[in-house]
Amino acid sequence: GAWSILLSRYSGERDVVFGATVAGRPSDLPASDKMIGIFINTLPIRVKVNSDEPLLTWLKRLQQQQVEVRQYEYSPLVQVQGWSEVPRDLPLFESILIFENYPVPRTTGKGRRSLKISHSDFYERLNYPLAIIAGVGTTLELKVLYDQQRFPRSVVTRLLEHLKTVLERMATQAEEPLT
């Protein structure tokens, strides 16, 4: 919701679209938790930001909308683009939101011969100009990946500060209109 509000404010549009990743691992697939490999899919999320609506009411509606579109989370992005009216040579979205909710354990296995991870590095690269990565632990952590050819660092820093402000306001003014 916060990303939708920020995109709406930056673009001046009430109707915004961004990509969001889904796990893509069907819960009803037998033994899917034991399968190795990436099942991640990125799909467009279309959100209408009504600035007169109370935040909590809008968030509940947004959550219900997300539940309803779950039936499409296994659809390939190219198929979704075909269903849309957006020409194939144009992207459906240029920013994505990634919510990382998988744990990175420090130790695995049992007994004396367990594997211990003492240091890990990740190299992340995306095919979108802007990505917000949200991770949870004891706090909400936000990271941003961006195309340095399109966005100066100062713009991205300011965007993250604005996102922080939106999140803080959401936490303290849930009954207020979105404006």
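User: Before we start, what does contact mean here?

Analyst: Happy to help: two residues are in contact when heavy atoms lie within 4.5 Å. This is a predicted model, where local features need pLDDT of at least 70, side-chain atom pairs count only at pLDDT 80 or more, and totals for chains, interfaces and linings use all residues. Residues are numbered from 1 along each chain as its sequence is written, and side-chain values use heavy atoms, with hydrogens and water left out.

User: Which percentage of the contacts in the protein chain with a separation of 6 or more comes from residues 24 or more positions apart?

Analyst: Among contacts in the protein chain with a separation of 6 or more, we look for residues 24 or more positions apart. Their share is 60%.

User: How many helices and strands are there in the protein chain?

Analyst: Good one! Helices (H or I, at least four residues) and strands (E, at least two) are DSSP runs, numbered from the N terminus. Along the protein chain the elements run α-β-β-α-α-β-β-β-β-β-α. That makes four helices and seven strands.

User: Why is H1 largely enclosed by the rest of the structure?

Analyst: Buried means under 20% relative accessible area, with a 1.4 Å probe and protein chains only. The cover over the buried residues of H1 includes S1, strand S2 (41-48), helix H2 (55-69) and H4. H1 is largely enclosed because, of its 10 residues, the number buried is seven.

User: Which are the buried residues of H1?

Analyst: H1 is followed by Gly12, whose phi is positive, near 80°. Within H1, the buried residues are Ala2, Trp3, Ser4, Ile5, Leu6, Leu7 and Ser8.

Note on methods: Buried < 20%, exposed > 50% of the residue type's maximum accessible area, 1.4 Å probe, protein only.
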